[in-house]
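The following report describes selected local features of a single model, moving from strand pairing to aromatic contacts and then to one glycine. Please read it alongside the coordinates.

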Amino acid sequence: MKTRLLLMGLMCTVALLGAPSVFAQSNTTGWGPHFGVTVDPDQVHVGMHLHFGTRGEGVRFQPNFDIGFGDDITLIAINFDVVYRFRGGRSDWAPFLGGGLGANFYDWDDDRFDRFDGDDFDDEDVEPGFNIVGGVDHGVGGGNRFYIEGKIGLIDAPDLKLTVGWTLF
């Protein structure tokens with residue numbers, strides 16, 4: 001079951017990498033790794049994001065992919081976030097705010113049911129999500145950016161994600 005979830009997540013990542021974007025500009029397309037902690041479920045997560053946008057207008061399309069581990073759950077989250085960066089300046093700290101839709105692939109293993117039938121209880125589910133995103137980013141040289149982000153999940157998404165990452169241009 002976990003293999004099937006992982007394959008679904010990898011297929012979605014490939015789709016993200018190949019998806020055209022109405023925001024894409026030749027000099028503002030980037031990508032990067034990120035990691036952080038998640039609350040409810042209580043996990044650590046790692047992932048990657050793509051960045052399409054125009055700094056001058058401040059709007060960027062930032063799809064991202066996370067895999068969370070912990071709390072007897074493996075969570076694969078695929079989000080299609082759009083954010084607005086409030087201030088210009090390549091080296092300034094700049095706040096951003098936005099939101100987006102997502103898909104959350106849950107796979108949990110709970111051994112509480114072993115006493116009834118001796119088998120592990122495995123279950124999985126796919127749930128929609130909606131996120132509110134906010135944070136700050138900062139230029140770190142060569143056009144690359146470091147960011148700190150908080151994401152509040154609505155519907156069936158994790159309640160809160162705190163993430164740090166880098167965007168490489």
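## Strand pairing and ring contacts

In this predicted model, strand 3 (residues 59-70) and strand 4 run antiparallel and are joined by twelve bridges. The two strands form a hairpin with two residues between them, and in the turn Asp71 has a positive phi of about 60°. Across this pairing, Ile67 stands opposite Ile76, which belongs to strand 4. Strand 4 is mostly covered, since ten of its 13 residues are buried.

Aromatic contacts come next. A pair of aromatic rings is described by the distance of the centres and the angle of the planes. Searching the whole structure yields six aromatic pairs, and among them is the pair of Tyr84 and Phe86, with 5.1 Å centre to centre and 80° between the planes, an edge-to-face arrangement. The rings of Trp93 and Phe146 have their centres 6.4 Å apart and their planes at 85°; an angle over 60 degrees counts as edge-to-face, so this pair falls in that class. Trp93 lies in the loop between strand 4 (73-85) and strand 5 (94-110), whereas Phe146 lies in strand 7 (residues 144-155), so the pair ties together parts that are 53 residues apart in sequence. Trp93 and Phe146 also belong to one aromatic cluster, which they form with Phe35 and Trp166.

The relative accessible areas of the residues in these two pairs are listed below.

| Residue | Relative accessible area | Class |
|---|---|---|
| Tyr84 | 35% | partly exposed |
| Phe86 | 46% | partly exposed |
| Trp93 | 41% | partly exposed |
| Phe146 | 21% | partly exposed |

For Phe146, the value of 21% leads to the class partly exposed, because buried requires a relative accessible area under 20%.

A further ring takes part in a contact with a charge: the charged end of Arg60 sits over the ring of Phe96, at 4.7 Å from its centre.

Finally, how is Gly129 placed, buried or exposed? Gly129 has a relative accessibility of 5% and therefore counts as buried, the cut-off for that class being under 20%. Gly129 is located in strand 6 (residues 121-141). When its neighbours within four places in sequence are left aside, Gly129 is in contact with Gly100, Leu101, Gly102, Asn104, Leu154, Ile155 and Ala157. For one of these partners, Leu154, the C-alpha atom is separated from that of Gly129 by 6.2 Å, although the two residues are 25 residues apart along the chain.

Notes:
Residues are numbered from 1 along each chain as its sequence is written. This is a predicted model: local features need pLDDT of at least 70, side-chain atom pairs count only at pLDDT 80 or more; totals for chains, interfaces and linings use all residues. Side-chain values use heavy atoms; hydrogens and water are left out. Rings of Phe, Tyr and Trp (its six-membered ring) pair if their centres lie within 6.5 Å; planes under 30 degrees apart count as stacked, over 60 as edge-to-face and the rest as tilted. Buried means under 20% relative accessible area, exposed over 50%, partly exposed in between (1.4 Å probe, protein chains only). Helices (H or I, at least four residues) and strands (E, at least two) are DSSP runs, numbered from the N terminus. A charge sits over a ring if NZ of Lys or CZ of Arg is within 6 Å of the ring centre and within 35 degrees of the ring normal. Contact means heavy atoms within 4.5 Å. Two strands pair if DSSP finds at least two bridges between them.
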